[in-house]
Every structure is written in C-alpha cells, then in structure tokens.
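Here are some exercises for you to work through with the model open beside you. Try each task first, then follow the solution step by step.

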Amino acid sequence: MGAAEGLTDLPDTESAALPGDLAMWCFILAELLVFALLLIALAYARSRWSMEFSAGVATLHPLAGVSNTLLLLTASYLVARGLECGTRRALVRGFALGLLCGLGYLLIKFGEYAVLIGEGYNLRTNTFYFFYFFTTFFHAMHAMLGMVILAVVAVRTRAGYYPDAARQKMAGDSAGSYWHMVDLVWLALFPLLYLLP
C-alpha cells in the first residue's frame with residue numbers, strides 16, 4: 001500500500017470537530033449538567049410522591065405542552081436550515097423565523113402560568129407544582145437567552161459584522177448549538193411533566 005493510499009484511511013478531523021466555539025460548548029455542557037441534576041431530582045420526586053404528581057399532571061394543559069414542543073422543534077429545524085444553506089441571507093432568515101417560534105413558545109408558556117396561578121397553583125402548592133414552575137421557568141429563561149444569542153448573531157450577520165465566512169460560520173454554529181440544547185432539555189422535561197401519569 002502506497003503512502004497516498006494510507007492517507008485516505010485517516011479520519012476527516014474537520015468534519016469530526018464540534019460546530020461552533022469551544023467556549024460555547026463548555027457553557028452548554030455546564031448548562032446540561034445543571035439540567036441533568038434538576039431532571040434527576042424531578043424523577044426522584046415523581047417516584048416518591050407519585051399520587052401528588054399524577055394529580056398535578058391532570059391539571060396541566062397537554063395541548064399547550066404539545067404546541068410548545070412543536071414550536072421548539074420547528075425553531076430548531078429553521079435554525080439548522082439557516083445554517084445548512086451557508087449564506088448570510090439564509091442564516092438571518094432561519095434565525096429570525098426560529099426567534100418567532102421561540103416567542104410563540106414563551107407566549108404559550110407564560111399563558112399557562114397565568115391560567116395555573118389563576119386557579120390557585122404556585123411554587124408552594126406542593127412538590128409537583130414546585131418542580132413544574134421551577135424547572136419550566138428555568139428552562140424558559142434559557143430559551144430567552146437562546147433567543148438573544150440568535151438575535152445578536154442574526155443582526156451581526158446581516159450587518160456584515162463578521163470579517164470572513166469562517167467567523168460567521170463559527171458564530172452561527174455556536175448560536176445554533178445553544179438553541180438545540182434548549183430544545184433537547186425541553187424534550188426531556190415535556191414527558192416528565194405532561195405525559196407520564
């Protein structure tokens with residue numbers, strides 16, 4: 001086997017690299033660790049106070065939960081499409097449409113809070129509502145941060161802020177990766193809070 005043939009067996013390090021900035025990935029991993037601890041605590045509480053959780057789940061509005069899931073999945077798809085096309089215009093468009101979906105998610109989530117609070121439920125009602133309000137609000141704050149990151153990158157991209165395509169790609173990939181983390185966490189929260197009896 002010649003030297004040239006041996007080189008073709010080497011892995012493509014560029015395609016194997018994480019998308020975006022390493023600092024963003026450190027931040028994402030730290031956030032995932034915090035959410036993992038919350039999810040473990042939530043799963044433990046659910047097993048310990050199963051009747052309380054079942055009664056709490058029955059008071060939630062599954063259509064709101066499903067709508068939010070669809071909005072976040074759509075936002076992630078739009079962000080990914082904007083990045084995949086590789087042009088400034090596509091990135092700005094994908095991020096802007098993803099932001100609209102994120103805004104829809106927040107409107108539904110805060111509408112849910114208003115209904116539940118109006119019915120007399122809050123953080124102090126019982127263990128289920130403590131976890132429901134705390135984890136979903138914590139997640140909503142991360143969704144807001146993700147929307148800010150998407151907006152900043154979209155505005156900077158549109159204004160030609162990034163000096164070259166590589167910097168633009170790194171910023172876009174970093175923002176997209178953070179948004180996908182927000183989506184991933186919701187996909188773990190949704191069944192634990194809305195679906196499991």
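**Exercise 1. Find which residues touch the most other members of the largest nonpolar core, and which elements build this core.**

Step 1. A nonpolar core here is a set of buried Ala, Val, Leu, Ile, Met, Phe, Trp, Tyr and Cys residues joined through side-chain atoms within 4.5 Å. The largest one has 49 residues, and Leu42, Phe95, Phe128 and Tyr132 touch the most other members.

Step 2. Two or more residues each come from helices H3 (22–48), H4 (50–59), H5 (62–85), H6 (88–118), H7 (127–158) and H8 (165–195). H8 gives the most, with 13 residues.

Step 3. Look around Leu42: beyond its neighbours within four places in sequence, Leu42 is in contact (heavy atoms within 4.5 Å) with Phe53, Phe131, Leu189, Leu192 and Leu193.

A word on the ground rules: this is a predicted model, where local features need pLDDT of at least 70 and side-chain atom pairs count only at pLDDT 80 or more, while totals for chains, interfaces and linings use all residues. Residues are numbered from 1 along each chain as its sequence is written, and side-chain values use heavy atoms, with hydrogens and water left out.

**Exercise 2. Describe the fold of the protein chain in outline.**

Step 1. Count the elements: there are 8 helices and 0 strands, where helices (H or I, at least four residues) and strands (E, at least two) are DSSP runs numbered from the N terminus.

Step 2. Take the extent: the C-alpha trace spans about 70 × 45 × 25 Å along its principal axes.

Step 3. Check the burial: of the 197 residues, 41% are buried (buried means under 20% relative accessible area, exposed over 50%, partly exposed in between, with a 1.4 Å probe and protein chains only).

Step 4. Sort the contacts: among those between residues at least 6 apart in sequence, 80% join residues at least 24 apart.

**Exercise 3. Follow H8 from its N-terminal end and say where it bends.**

Step 1. Start at the cap: a side-chain oxygen of Asp164 lies 3.2 Å from the backbone nitrogen of Ala166, capping the N-terminal end of H8.

Step 2. Compare lengths: the 31 residues of H8 reach 43 Å from first C-alpha to last, close to the 45 Å expected at 1.5 Å a residue (the expected span is 1.5 Å times one less than the number of residues).

Step 3. Locate the bend: H8 turns by about 30 degrees at Leu189, and Pro191 follows within four residues. The bend is the angle between axes fitted to the seven residues ending at a residue and the seven starting there.

**Exercise 4. Decide whether Gln168 and His142 are buried or exposed, and list what they touch.**

Step 1. Gln168 lies in H8 and has a relative accessible area of 13%, so this residue is buried. Leaving out residues up to four places away, Gln168 touches Gly86, Thr87, Arg88, Thr157 and Tyr162.

Step 2. His142, in H7, counts as buried because its relative accessibility is 6%. With sequence neighbours within four places set aside, His142 contacts Glu31, Phe35, Tyr178 and Val182.

Step 3. For contrast, take Arg167 in H8: its 51% relative accessible area makes this residue exposed.

**Exercise 5. Determine which helices the buried residues of H5 pack against.**

Step 1. Pick out the buried residues of H5, among them Leu72, Leu78 and Val79.

Step 2. Trace their partners: the buried residues of H5 pack against H6, H7 and H8.

Step 3. Finish at Gly86, which follows H5 and has a positive phi, near 85 degrees.

Key. Polar contact = N/O pair within 3.5 Å; in protein donor to acceptor, adjacent residues only side chain to side chain.
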